[in-house]
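Thanks for taking a look at this one with me. Below are some numbered notes to help you find your way around.

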Amino acid sequence: MTADLSQIVKAYDVRGVVPDQWDEPLAALFGAAFAEVTDATAIVVGHDMRPSSPGLSRAFARGAAERGVDVTEIGLCSTDQLYYASGALDLPGAMFTASHNPAQYNGIKMCRAGAAPVGQDTGLAQIRELVERWLESGTPEPAAEPGTLTTRETLEDYAAYLRSLVDLTAVRP
């Protein structure tokens, strides 16, 4: 697959038609580049319910792990839940979703630790440059020690956090 990254790397995310504009091998390169640009030792990854999301998120996770980064996969979740996990775990994160776009689309919303957004001026341009370089010259060298891939359930913690924001003792007039 020859990818035109100018068509899928937007101002604040990656988004395009799967598999026409991007696929799992490209997602793995984005994972490797994300790991390098954030200089992370660990990240968290989640995905929405689109049919392509589990495979793309897993490829991204493998790409990051090959660069020596430990990856916590939280599986099916909302974007807000991924941002919660990024903040609670103090890890950079990646969410696979194309939000309101039709089902054939998919994308990646990325953030730094604490859910700080990644956009063109905060790392996305660097991620794109690395992916483009690797597409031209071959995949990056794997780390001497690969990272781990683990799964973690965050829904209960996220729900408890949301409940903590609401005064459950309030009485209606």
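1. Which side chain does R67 meet in a salt bridge? The partner is E36, and the N to O distance is 2.5 Å. Please keep in mind as you read that this is a predicted model. The pair links distant parts of the chain, since R67 sits in the loop between α3 and β3 (70-76) while E36 belongs to helix α2, 31 residues apart. Both partners are partly exposed: R67 has a relative accessible area of 26%, and E36 has 36%.

2. It may help to step back to the whole chain. The protein chain has six helices and seven strands. Starting at the N terminus, the order of elements is α-β-α-β-α-β-α-β-β-β-α-β-α. The radius of gyration is 16 Å, close to the 16 Å that the globule rule gives for 173 residues, so the chain is as compact as a globular protein of that length. Measuring tools in your viewer should agree with the C-alpha trace, which spans about 65 × 35 × 30 Å along its principal axes.3. Here is a little on burial and contacts. Of the 173 residues in the protein chain, 46% are buried. Among contacts with a separation of 6 or more, 72% are between residues 24 or more positions apart. The chain exposes about 9100 Å², and carbon and sulfur atoms supply 51% of that area.

4. Back to charged pairs for a moment. Side chains of opposite charge can pair when their charged atoms come close. A search of the whole structure finds five salt bridges, and two more of them are worth a visit. One joins the side chains of D48 and R50, at 3.1 Å from N to O. Are these two residues buried or exposed? D48 counts as buried because its relative accessibility is 8%, under the 20% cut-off. R50 also has 8% relative accessibility, so R50 counts as buried too.

5. The other pair is E132 with R128, whose side chains meet in a salt bridge at 2.9 Å, N to O. The two residues lie four residues apart in helix α5 (residues 124-137), so about one helical turn separates them. E132 is partly exposed at 26% relative accessibility, and R128 is partly exposed at 24%.

6. Next, have a look at helix α4 (residues 79-89). Which of its residues are buried? They are T79, Q81, L82, Y84, A85 and S86. These buried residues pack against the strands β2 (42-47), β3, β4 (93-96) and β5 (105-112), and also against helix α6. Just after α4 comes D90, which takes a positive phi of about 55 degrees.

7. Helix α2 (residues 24-38) includes T38, which is buried with a relative accessible area of 13%. A polar atom of the T38 side chain lies 3.5 Å from the backbone oxygen of A35. Setting aside neighbours within four places in sequence, T38 is in contact with P92 and R112.

8. A65 is another residue to pick out, this time in helix α3 (residues 53-66). At 6% relative accessibility, A65 counts as buried. Which residues does A65 touch, leaving out those up to four places away in sequence? The answer is V71, P146, G147 and L149. For a sense of distance, the C-alpha atoms of A65 and C111 are separated by 17 Å, with the two residues 46 apart along the chain.

9. Finally, turn to the surface. Y161, L162, L165, V166 and L168 form a nonpolar patch there, and together they have about 500 Å² of accessible area. Y161 is placed in helix α6 (residues 155-164). With 40% relative accessibility, Y161 counts as partly exposed. The same helix, α6, is one of the elements that the buried residues of α4 pack against.

How values were computed: Residues numbered from 1 in each chain as written. Predicted model: local features only at pLDDT ≥ 70, side-chain atom pairs only at ≥ 80, totals over all residues. Heavy atoms only, no water. Patch = residues over 30% accessible without salt bridge, like charges linked within 9 Å, V, L, I, M, F, W, Y side chains within 5 Å. Areas by Shrake-Rupley, 256 points an atom, 1.4 Å probe, with all protein chains shown as cover. Salt bridge = Lys/Arg side-chain N within 4 Å of Asp/Glu carboxyl O. Buried < 20%, exposed > 50% of the residue type's maximum accessible area, 1.4 Å probe, protein only. Contact = heavy atoms within 4.5 Å. Polar contact = N/O pair within 3.5 Å; in protein donor to acceptor, adjacent residues only side chain to side chain. Rg over C-alpha atoms; globule rule 2.2 N^0.38 Å.
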